[in-house]
Amino acid sequence: MTTTNIIVTLFGFGVIGWIVWYFWLWQGESVAAAGVAGGVQVVDVTVRGGYQPASIVAEAGRPLRLNFTRREASLCGEEVVLPDFGRRAHLPENQPVSLESLPREPGEYEFTCGMNMYKGKLIVR
Amino acid sequence: MQATAMKEEFVDPVCGMKVDPARAAGTSEREGVRYYFCSPVCKQKFDAAGPGEPVAQASCCAGAGEAPVQMPATPVQLTLTRKSSAAPANLKGAQHAHEGHAHHAHVVGRQGQGHAASAEESQAESYRTMMRKFRFASAVGVPLLLLMFAEFVPDWRHALMPYHRLVGAVSAVVTLPVLAWSGRQFFESAWNGLRNHNTNMDTLVAFGTGAAWVYSTVAVVAPRLFPAGTTGMYFEVAVVVVALILLGQALELRAKSRSSTALKKLLELQAKAARVIRDGKEIDLPVEEVVVGDTVLVRPGEKVPVDGVIIDGQSALDESIVTGESVPVDKKQGDGVIGSSVNKTGAFTFRATKVGADTALARIVRMVEQAQSSKPPIGRLVDKVSSYFVPTVMIVAVLTFLAWFNFGPEPVVNHAVVTMVAVLVIACPCALGLATPISLMVGVGKAAEHGVLIRNGEALESASKLRTVVLDKTGTLTKGRPELTDVLPLAGFDEGELLRLAAAADRRSEHPLAAAIVEGARARAIEVGEPEQFVAVPGHGVEATVEGKRVAVGNWKLMARAKVSLSEFEELAARLADDGKTPMFVAVDSQAAGIVAVADTLKEDSVEAVKALRSLGIEVLMITGDNERTARAVARQAGIERVLAEVLPDEKAREIERLQSEGRARGGRLVGMVGDGINDAPALAQADVGFAVGTGTDVAIEAGDVTLVGGSLKGVVTAVEVSRATLGNIRQNLFGAFVYNVLGIPVAAGVLYPVLGLLLSPIIAGAAMAASSITVVTNANRLRFFEPRPGGEVK
């Protein structure tokens, strides 16, 4: 084996490792909810091939408002569901839709699209 | 950001109106937060309630928090925000507040409708666009496909040979717009997904079609870069896949666009106006302006506007809208009445106890909303598969490159690149993409042929996993209206005479039980005469003179009133009640003459349907608001063992939820609910699959996932059978598609090269793709021969 072969092979395995990490192991960065007057925590979430941010940190016991805006024509993200809070909303393209809930118990809650493809996490502390 | 835009708007925490701080009628501070009010009344109420008391919170932001908070109104939440309870004593203030409320309700209503209309419009527009894209893709794809098939004929292949590169060049040019326009959404979605670490169906389509196009184009432009025998072209594959997947998505979208307007419909059923007595004067008010404590007058034939308690008068009320019970209920002073029920017989006045968002009907609306929103999402099988498939294929492609690069023949780079791309091309989801939509289309169509309308693929997938089905009693298992079942004369009377006298006495009565007796008599070819004198005794029965005899037909109370000895009736009556029947006693000239019994009987095929469901391994339950005894009797006739009786209308959904968690504990056993009434709507929405009886109310139909057109319970059996067959078919298709991929990918990777010197030859790739698609389509078409068993033939 030449040096080139070794470098290319190592690079190839690097790519494989990257694929595994990128698609299967990646965990998004968390964004903390910001407070506004009246004690409501607010986070703006963009829906575009997934949720940005996909991981949200919020405080328990304070009302939380998630402003979802779907910024893509694809119908995948058309619905957003917070199963644990019994909330579901239809997201028209480019129109912010607010979902409000009161997370009482600390823990991790999922929010997903209508078909469970896009996934987001709500971490309540 | 959002927050700055919202800063200037506050919401009155009492009534939910938006308030401009500059124009607020008052402000108040609590726990460091300033609140703005639309009117002095709201401020007064807010100040009167202690911190954390629900009065403020419930109306301004349902479910949002313990403490009152300022929040901009969202159309989703505030459709019913009218808080009751301004004291009628302060009439002027109250009216002022109500003007505000009415205004608010109006604005919100309009927003809500606008939202629904625009959603419907945008879906219709998306459908039209998709169909245009589909037609364009197929206009290009079909000729290319024919050309590809022509290459399979050796003579034609020879004839085409000299033009091979020309055909390729033309194909490359005409297919590019198809990918760019028709296929654009796949590429966009794939790109967005990739940036978010997601892969789905779209990634697969974009990858496959993109790789096919690039590979083929390079093969046309620079065939010398390719090792011998690998300059195949796959343009037709790229466009045909785009076309077929677009078609599938368009069809799915159309099915979905029958979106739910159930909630809107439910609210339309409310009475619009109320006649209220204030200061001794009768005034007509919009129902929104009725306050708790108002005295409301209801005349026969009118709808009860809000919930309350009767102060004066008596009547029979049809409460079927909320309770599902078809037989009107007799009500007198002190009894509760439900808003939106229909007043049948007498006039009465009642005191309003619950208005606006607190009424029983409004609660049902909220429950349907809640149930629909808490339904867990169902991931589609193929999407789940592709989230593993795409990265795996990418990994295999890289490994292929490495293998050829390190161990392949010269020129190594060419071989490595070609085989790597070939792996991506053959992984193109032709069959994988078709596997689900084609079977679904055939399955849903097959169900529709048998009178079962399945709303979407998810409902079908869930229906195949049902292990528990809950049947509503009235109107679902039974016919939903009383029928004459027994005529039991005592000594001295014969059946015909007893029925003739009873029917004639009942002829003028409007009570449905009486109507059932008259109809039953006519069905038995008995001529029903006119009564000479007729008195309806509300809550008791009727008294009339027939053929010169005094005939009384009614319940125990009527017999007691007419001083008829009941001892002879007792045993018979108890037996009838055990069978779930309502005995009506008949007395002639103050002598006990016999009993005619009326019951809501089972639909003809209910028993068969229950038996068939059980033979499919499904546990069948019955749910009803009726008393345990009647419920048991009906369940026994229908062959059902588990009965949930005396379930209040708003508890049905909770019972379903309980069964669902029970089912989850037993390994993902899904729960279906079959119902017809508005009171069933929350339970239908809550269930994993809601089956609405087609003869039932629109609201139930829209809350359900499946509609049984004929109203027969056999439709549930058909739905389960079709869905199981379809899901089996989809699994076979996915399996078949996988086999092709599993076989094709190694060939593309060059596994056969060391042995046979074979790389991804166009013939093999083309044949494999065509064969896999044909297999999938053919297999899906097998579903067309599916016939549900007739319910009776159960082994």
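In this predicted model, helix H22 (residues 606-615) of chain B packs with helix H27 (residues 714-749) of chain B at an angle of about 25°, their axes 8 Å apart. Angles under 35 degrees count as roughly parallel, so H22(B) is roughly parallel to H27(B). The crossing of the two helices is left-handed. H22(B) brings Glu608(B), Ala609(B), Ala612(B) and Leu613(B) to the contact. H27(B) brings Lys714(B), Val716(B) and Val717(B). By class, 5 of these residues are nonpolar, 2 are charged and none is polar.

Next, the nonpolar cores. The largest has 61 residues. Tyr215(B), Phe235(B), Val393(B), Val423(B) and Val425(B) touch the most other members. Helix H13 (residues 381-407) of chain B gives this core its largest share, 11 residues. Another core, of 45 residues, lies apart from it. Its members include Ile454(B), Ala638(B), Val716(B) and Val717(B). Val716(B) and Val717(B) also take part in the contact between H22(B) and H27(B).

Some backbone details stand out. Most residues other than glycine have a negative phi, and most peptide bonds are trans. Two loop residues of chain B have a positive phi:

| Residue | Phi | Loop between | Relative accessible area |
|---|---|---|---|
| Ser340(B) | near 80° | strand E11 (336-337) and strand E12 (342-343) | 2% |
| Asp589(B) | near 50° | strand E20 (582-588) and strand E21 (591-602) | 37% |

Ser340(B) is buried, whereas Asp589(B) is partly exposed.

Chain A has a cis peptide bond, from Gln52(A) to Pro53(A), with omega near -5°. Pro53(A) sits in the loop between strand E4 (51-52) and strand E5 (55-58) of chain A.

Terms used. Residues numbered from 1 in each chain as written. Chains lettered and ligands numbered in written order. Predicted model: local features only at pLDDT ≥ 70, side-chain atom pairs only at ≥ 80, totals over all residues. Heavy atoms only, no water. Core = buried A, V, L, I, M, F, W, Y, C linked by side-chain atoms within 4.5 Å. Buried < 20%, exposed > 50% of the residue type's maximum accessible area, 1.4 Å probe, protein only. Helix = DSSP H or I, 4+ residues; strand = E, 2+ residues; numbered from the N terminus. Axes fitted to C-alpha atoms, helices over the stretch in contact; angles between N-to-C directions. Parallel < 35°, antiparallel > 145°, perpendicular 65-115°, else oblique. Left-handed = near helix turned anticlockwise from the far one by under 90°. Contact = heavy atoms within 4.5 Å. Nonpolar A, V, L, I, M, F, W, Y, C, P; charged D, E, K, R; others polar.
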